[in-house]
Amino acid sequence: MNKNLPKWVDLGLIPLLTLALAFAVSGLVVLSIGQDPIEVVTVMVNGALCNPATNSSCFSGIGHTLYFTTNFIFTGLAVAVAFHARLFNIGGEGQAGIAGVGVALVMLSYDWPHWSIALVVGTLAAMAFGAAWAAIPAYLQAKRGSHIVITTIMFNLIATAIIGYLLVGPMQAEGSLPESPSFPDAAALPTMHDMFGWFGLAFDKNAPANISFVLAIIAAVGVWVLIWKTRLGYEMRAFGHSEKAAVYAGISPLKITMIAMLLSGALSGLMAVNTVQGEAERLLLGSVEGAGFIGIAVALMGRSHPVGVVLAAFLFGILTQGGAELQFALGIPAEMITVIQALIIMFTGSLENLVRIPLEKVFIRAGKGATS
Amino acid sequence: MSETTTNAGRLDAVAPAIELNGISKAFGPVQANKDISMTVAKGAIHGIVGENGAGKSTLMSILYGFYKADSGSIKIDGVPTTINDSHDAIAAGIGMVHQHFMLVDNFTVLENVVLGAEEGATLGPSLRKARKELKRLADEYELDVNPDALIEDISVGFQQRVEILKALYRQAEILILDEPTGVLTPDEADHLFRILRNLKEQGKTIVIITHKLREIMDVTDSVSVMRRGEMTKTIATSTTSPEDLAEAMVGRRVLLEVDKKPAEVGETVMQIKGLSVTDVHGVKRLKDVSFELKRGEILGIAGVAGNGQSELLEVISGIGAATSGEILMNGEAIDISPKANAGMRRERGISHVPEDRHQRGLVMPFMTWENTAFGYHNEPKYSGKFGLANQKYMKQDAREKMERFDVRPPIPQLVASHFSGGNQQKIVLAREIEHNPDVLLIGQPTRGVDIGAIEFIHQQIVNLRDAGKAILLVSVELDEIQALSDRILVMFDGVIQGERLPENTNEGELGLLMAGVDPEANS
């Protein structure tokens with residue numbers, strides 16, 4: 001596939017060009033609703049990164065962007081890990097949702113004395129519940145051949161129903177709102193404001209970004225080590241390329257399918273540490289907010305590589321936060337930002353050859369004679 | 001390159017059926033065809049030989065309109081012709097029988113013949129016309145096939161006839177056959193050649209692409225040799241020999257015979273007893289197969305593809321499970337239930353060079369150093385600190401294996417798909433042989449491998465035998481079985497149809513066994 005192209009073109013230039021194309025088409029869409037694309041971009045970038053015009057701290061925008069980025073890193077890594085074993089985990093939404101239930105259960109079950117312990121326990125609970133929610137589709141795929149795309153989608157719906165039931169029933173706090181009681185104060189995770197404070201630096205006090213971002217970066221490094229440095233990752237990649245080859249090598253398809261999906265579910269689940277434990281500090285309805293699906297786009301755009309996933313997650317973080325600003329500042333409907341996201345997904349995911357094939361021709365022509 | 005006319009003693013006044021002039025075609029940086037000129041006389045059988053990747057198929061695909069040449073021209077019957085797609089080719093009277101048949105399995109023979117050549121809105125008239133035409137063709141060319149049989153119910157030999165009928169039904173005057181005998185028994189191949197000679201008698205022109213030099217000698221009037229995209233030689237078949245052709249293909253003298261001493265057979269390593277396999281559809285693939293394998297021998301399993309050889313390899317290598325029977329390794333039973341896996345076999349000293357190198361033997365996007373440990377990757381020598389893989393050792397190990405097995409280029413970082421078929425096979429062989437197994441299972445060791453590499457691979461197999469290892473060789477190439485084996489088993493329909501010693505048998509007898517006939521039963 002990338003035989004004819006240098007690595008920097010394959011991994012750098014092509015994504016950038018497809019992105020540019022997506023933005024160009026988005027610009028036309030913006031024009032069509034009578035807005036100025038330049039102004040839209042300015043509002044989005046200022047809103048998502050840093051807005052010197054507003055009086056409040058410059059870190060408000062980035063604090064929100066990083067919060068969303070954290071979610072997308074987790075869900076993007078989840079899709080990427082499964083994808084290396086050629087499993088398409090569409091169930092990030094449900095896995096993250098159920099992980100939220102797990103986090104809420106352990107947070108409410110004990111009066112945790114310190115945030116560090118709460119972080120460890122919350123992380124473990126999120127991973128365990130996310131993995132458990134992925135386990136059944138994984139087993140059905142490996143043993144019965146039930147297509148994982150179908151089963152994970154169904155499990156998203158089941159998860160939504162379960163969470164809805166819990167929040168108006170057993171886990172509901174006093175009052176009429178569908179939400180759980182708040183977690184103990186001591187269990188609250190450090191926000192970016194707190195963390196910057198440790199080093200005497202300033203950060204917006206109200207931004208939701210928290211220590212989970214660090215967890216996400218650690219997870220990305222962990223996934224990189226797993227996929228490219230361990231024998232398990234080697235087996236997953238072999239299985240992903242050819243199941244027949246895997247069986248020939250004595251690798252059990254059942255084992256790899258289960259492990260890949262459990263890891264994927266655990267990674268999706270980690271998102272709950274950010275949203276439920278770090279930000280809301282209680283379980284709310286719809287706390288996943290589509291991040292599970294955006295993870296698919298993130299993994300696709302990031303080529304299932306952790307570095308790519310982190311970068312793509314940041315891009316989608318900017319879009320999400322910038323989109324909110326757009327609505328606030330210019331009254332552009334939030335659906336507009338969904339259109340732009342869809343364009344990016346379409347261009348990076350399925351229209352990549354628009355850019356790739358002409359580039360390959362250019363490079364073959366240029367490279368003729370130089371290298372064979 | 002000069003144009004060589006291979007007019008097999010015919011009148012010069014008749015325009016040649018095919019005339020290619022200066023055909024060139026590049027795929028990216030790869031020049032698949034370089035300035036190729038070729039002339040095929042009307043009513044001749046013309047062979048094209050060459051190694052994999054020499055450009056034979058590209059050339060024929062240009063003639064059939066699958067690819068468009070970058071430069072050059074084509075004349076059919078002396079008329080300049082532009083062929084942009086297969087419709088143009090058919091209109092010009094060219095028919096092609098592909099290596100992998102293009103038939104609809106759940107259609108009848110008749111429906112397949114008509115497919116794409118239907119006339120009118122309803123099928124009835126076309127089918128009636130085709131039925132009449134098929135009968136005529138069958139009488140004329142020994143091309144009998146039951147027009148109402150479903151494709152999935154007839155043998156590959158008959159399926160191939162359907163492909164030929166399809167072409168003839170479309171009024172083909174020129175027939176191109178790509179590796180036509182790859183899936184046929186020797187008997188079926190003989191029948192095919194009779195058909196081709198009949199067609200020739202009727203003035204049809206035939207181009208046959210093959211890598212089997214013996215077939216070229218048997219059936220063609222003239223032959224062209226291709227090497228690295230160029231046509232190196234075109235010659236009348238009667239004035240050449242297999243050795244000369246091989247040399248022209250490879251560019252150096254090639255040993256076609258395998259150089260080996262008599263086997264020094266030792267004690268039995270593996271016993272197969274009453275092995276049976278029933279697949280998921282309830283079809284018996286392997287029926288009560290029993291044999292023994294001894295140290296220091298090469299046991300060859302001959303047979304047409306699809307007669308249970310693959311299942312036999314899968315069960316012994318641990319990829320598939322047996323329904324019943326047992327396998328003893330050094331007198332000890334091994335687990336052949338679905339719970340076992342290929343890794344357990346490797347631990348018992350059974351290594352496996354699989355038939356399908358692309359899907360099984362190698363992970364194509366993996367680098368060579370990842371592939372040379374594949375299947376053995378859990379061995380302690382490959383594990384490093386903190387449970388991570390010891391990539392430094394894996395690379396060094398790969399480099400050593402590549403050097404010992406003459407893999408070119410010897411670069412461990414290269415991805416498997418970058419290598420030629422022969423070098424890919426050497427990578428698999430290096431991995432399995434260097435593991436020093438007691439038993440080596442080899443399926444189709446030289447499928448898709450160039451002649452130069454075949455010589456090397458055969459020598460490695462013989463060396464392993466001489467080192468006292470037991471080798472089970474499965475191949476659909478009868479020549480290969482005869483050249484390498486110390487003992488031959490023939491499989492037909494999941495059964496061992498007979499056992500022969502290579503020195504006491506011949507191709508005719510083996511061919512009958514491969515077709516399910518026991519010559520001794522009748523005599």
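Colleague: Why does Asp70(B) count as partly exposed rather than buried or exposed?

Modeller: In this predicted model, Asp70(B) has a relative accessibility of 49%. Buried would require under 20% and exposed over 50%, so at 49% Asp70(B) belongs to the class in between and is called partly exposed.

Colleague: And what makes Lys25(B) count as buried or exposed?

Modeller: Lys25(B) has a relative accessibility of 12%, and because the limit for buried is under 20%, Lys25(B) counts as buried.

Colleague: How do you know that Asp70(B) and Lys25(B) form a salt bridge?

Modeller: The closest N and O atoms of Asp70(B) and Lys25(B) are 3.9 Å apart. The rule asks for a side-chain nitrogen of Lys or Arg within 4 Å of a carboxyl oxygen of Asp or Glu, and since 3.9 Å satisfies that limit, the pair is listed as a salt bridge. The two partners come from distant parts of the chain, with Asp70(B) in the loop between α1 and β4 (71–76) of chain B and Lys25(B) in strand β1 (residues 18–27) of chain B, 45 residues apart.

Colleague: What makes you say that helix α1 of chain B is mostly covered?

Modeller: Helix α1 covers residues 56–63 of chain B, and 7 of its 8 residues are buried. The buried residues in α1(B) are Lys56(B), Thr58(B), Leu59(B), Met60(B), Ser61(B), Ile62(B) and Leu63(B), each of them therefore under 20% relative accessible area. Just after α1(B), Gly65(B) takes a positive phi of about 90 degrees.

Colleague: Why is the pair of Arg214(B) and Asp479(B) called a salt bridge?

Modeller: The closest N and O atoms of Arg214(B) and Asp479(B) lie 3.4 Å apart, and because the cut-off is 4 Å, this pair qualifies as a salt bridge. Arg214(B) lies in helix α7 of chain B and Asp479(B) in helix α16 (residues 478–484) of chain B, so the pair ties together parts that are 265 residues apart in sequence.

Colleague: To which class of accessibility do Arg214(B) and Asp479(B) belong?

Modeller: Arg214(B) stands at 37% relative accessibility and Asp479(B) at 36%. Each value falls between the limits of 20% and 50%, and therefore Arg214(B) counts as partly exposed, as does Asp479(B).

Colleague: How do you know that Arg214(B) also forms a salt bridge with Glu507(B)?

Modeller: The argument uses the cut-off of 4 Å again, for here the closest N and O atoms of Arg214(B) and Glu507(B) are 3.5 Å apart. This pair, too, links distant parts of the chain, with Arg214(B) in helix α7 of chain B and Glu507(B) in helix α17 (residues 507–514) of chain B, 293 residues apart. Glu507(B) has a relative accessible area of 27% and is therefore partly exposed.

Colleague: Which domains is chain B divided into, and what joins domain 1 of chain B to domain 3 of chain B?

Modeller: The assignment gives domain 1 (1–93 + 173–254), domain 2 (100–171) and domain 3 (268–522) of chain B. The contact takes 16 residues from domain 1 of chain B and 14 residues from domain 3 of chain B. The area buried between these two domains is about 1200 Å², with 58% given by carbon and sulfur atoms. On the side of domain 1 of chain B, Asn52(B), Pro186(B) and Arg214(B) lose the most area to domain 3 of chain B, together 34% of what that side buries. Across this interface the rule finds 3 salt bridges.

Colleague: What makes Glu477(B) and Lys212(B) a salt bridge?

Modeller: Their N to O distance is 3.9 Å, and because the cut-off is 4 Å, the side chains of Glu477(B) and Lys212(B) meet in a salt bridge.

Colleague: How do you know that chain B forms a salt bridge with chain A?

Modeller: Glu370(B) and Arg237(A) have their closest N and O atoms 2.9 Å apart, and because 4 Å is the limit, the pair counts as a salt bridge. The rule finds 1 salt bridge across the interface of chain B and chain A, where 34 residues of chain B are in contact with 23 residues of chain A. The two chains bury about 2400 Å² between them, 59% of it on carbon and sulfur atoms.

Methods:
Residues numbered from 1 in each chain as written. Chains lettered and ligands numbered in written order. Predicted model: local features only at pLDDT ≥ 70, side-chain atom pairs only at ≥ 80, totals over all residues. Heavy atoms only, no water. Contact = heavy atoms within 4.5 Å. Buried area = accessible area lost by both parts, 1.4 Å probe. Buried < 20%, exposed > 50% of the residue type's maximum accessible area, 1.4 Å probe, protein only. Helix = DSSP H or I, 4+ residues; strand = E, 2+ residues; numbered from the N terminus. Domains from an automatic or database assignment.
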